[in-house]
Amino acid sequence: MVASRNEERLRKATDEMKKNITSPAELDHMQCNIRKEEQVQNLISTTLKRFGKLDFLINNGGGQFPARAESFSLKGWNAVIETNLTGTFLCCREAYNQWMNDNGGVIVNIIADMWKGIPMMSHTGAARAAVDNLTKSLALEWAESGVRINSVAPGSSIYSETAAANYGDPKIFAYNIPKIPLKRLGTVEEISTSVCFLLSPASAYITGETIKVDGGGSLYSTMMYNIPVCFLLSPASAYITGETIKVDGGGSLYSTMIFEVPDHKKSKAYTWKDDEETKSKL
C-alpha cells in the first residue's frame, strides 16, 4: 500500500511502480494526510483488510521550506513539525497497535542529514532529530513484540528531479559536490537499497540505528550553507557557536579541519539500470 496526500501524483507513482513488478506481489494506493489521526488509523486498518497483514512500514512522508528561523510563522513551523514528526509517530503507533504488537514487524523512518544542524531549515532539522530519537525509544519499547525500528538519513547530496524542482534550482544539489568525500551526488536508488537492507533478514540484529547515506558528507562539512564573513568577524559571534564547550569558531559544526579530500571519480553511482545491464554479484 502506497499513501500520500496528492491523489493524482499517488496514482501516477503507483502505476509506474506496477510496471516494474515482476513477482506475484500486489500494489495498491490510498490517499492519506499523515497529519490527520483519523486518516492514519483508516490507512492502517484499510491496508490490513486489503492484504491481511502488515510486515513493513516505511515512513517517507515529509516536507519543508527554506527560510531563516526568525521568519517562521507558527503555522509554518507547526506544518513541518506535524508532517515530519507527528505524522511519523501516528503511523508508527497505529501500525503497532493494529498489527505489530501481536505479530511483529519492521519499521524504517526516513530522516535527514541534520547532525550539524540544518541552517535555513531548522524546523525540519528539529523534527528529523526528534524522529531519530523516537526511533531509538520505540526500538527499546517494542523489542519485546518482535518489532525492529531503524532510520535512513539521506544526505543533502541525494539528487532527485522532484526535489530540485521543488526548490526551484536544477543545480542546487551540484553545489554540494566539492563538500562530499565521494565527489558525486547520490541517487534515490541508493536510498532505496538501504531501506531494503533494513527491511530484510540480513539486518535482523539491527534496531534503533540510523544509516547515513551521504557519501561521507556528514563527516566532512555542513552542506548548502555559508556563514557570512561579517558575522564571523563581529563581536556577536564571540568565537563560540553551536556548542558552548568548544571554543573553535564553530569549526566542529562547519567542516572537517586540516584534511581535504582530493577531487576524484572513483565512486560509481548505483541506479536500477545497473540491475538490468549486469547480473547480480550477490
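Modeller: Welcome! One term first: pLDDT is the predictor's confidence in each residue, on a scale from 0 to 100. We need it because this is a predicted model.

Biologist: Thanks! Which strand has the highest confidence in the chain?
Modeller: Over the chain as a whole, the mean pLDDT is 84, and 82% of the residues reach 70 or more. Confidence is lowest in helix H8 (residues 229–233), with a mean of 45. At the other end, with a mean of 98 over residues 105–110, confidence is highest in strand E4.

Biologist: How many contacts beyond four places in sequence does the model have for residues 243–247?
Modeller: Let's take two stretches in turn. Over residues 229–233, pLDDT stays under 50, and the model has five contacts beyond four places in sequence. Residues 243–247 also stay under 50 in pLDDT. For them, the number of such contacts is six.

Biologist: Now to the sheet. Which strands stand at its edges?
Modeller: Four strands form an open sheet with parallel pairing, in the order E3-E4-E5-E6. An edge strand here has a single partner, so one of its sides is left without a neighbour in the sheet. That is the position of strand E3 (56–59) and strand E6 (210–213).

Biologist: What is the bridge partner of Asn59 in E4?
Modeller: E3 and E4 run parallel and are joined by four bridges. On the E4 side, the partner of Asn59 is Asn109.

Biologist: Which helix lies across E3, E4, E5 and E6?
Modeller: Two helices are worth a look. H4 packs on the sheet and touches E4, E5 and E6, with its direction at about 160° to that of E5. The helix lying across E3, E4, E5 and E6 runs at about 165° to E5, and it is H6 (residues 188–199).

Biologist: Is Ile58 buried, partly exposed or exposed?
Modeller: Ile58 lies in strand E3, on the uncovered face together with Phe56. Beyond its sequence neighbours within four places, Ile58 is in contact with Val108, Ile110, Val195 and Leu199. Buried would need under 20% relative accessible area and exposed over 50%. At 42% relative accessibility, Ile58 therefore counts as partly exposed.

Biologist: Which helix gives the most to the largest nonpolar core?
Modeller: The largest nonpolar core has 22 residues, and Leu54, Met100, Ile107, Trp142 and Val147 have the most contacts inside it. Helices H2 (37–51), H3 (74–103) and H4 (122–141) and strand E5 (147–154) each supply at least two residues of this core. With seven residues, the helix that gives the most is H3.

Biologist: How many residues are in the other core?
Modeller: This core lies apart from the largest one. Among its members are Val108, Ile158, Ile191 and Val213. The number of residues is ten.

Biologist: Which threonine is in contact with Val147?
Modeller: Here we leave aside neighbours within four places in sequence. Val147 is then in contact with Tyr96, Met100, Gly104, Gly105, Ile107 and Trp142, and also with Thr207.

Notes
Residues are numbered from 1 along each chain as its sequence is written. This is a predicted model: local features need pLDDT of at least 70, side-chain atom pairs count only at pLDDT 80 or more; totals for chains, interfaces and linings use all residues. Side-chain values use heavy atoms; hydrogens and water are left out. A nonpolar core is a set of buried Ala, Val, Leu, Ile, Met, Phe, Trp, Tyr and Cys residues joined through side-chain atoms within 4.5 Å. Buried means under 20% relative accessible area, exposed over 50%, partly exposed in between (1.4 Å probe, protein chains only). Contact means heavy atoms within 4.5 Å. Two strands pair if DSSP finds at least two bridges between them. Axes are lines fitted to C-alpha atoms, for helices over the stretch in contact, and angles run from 0 to 180 degrees between N-to-C directions.
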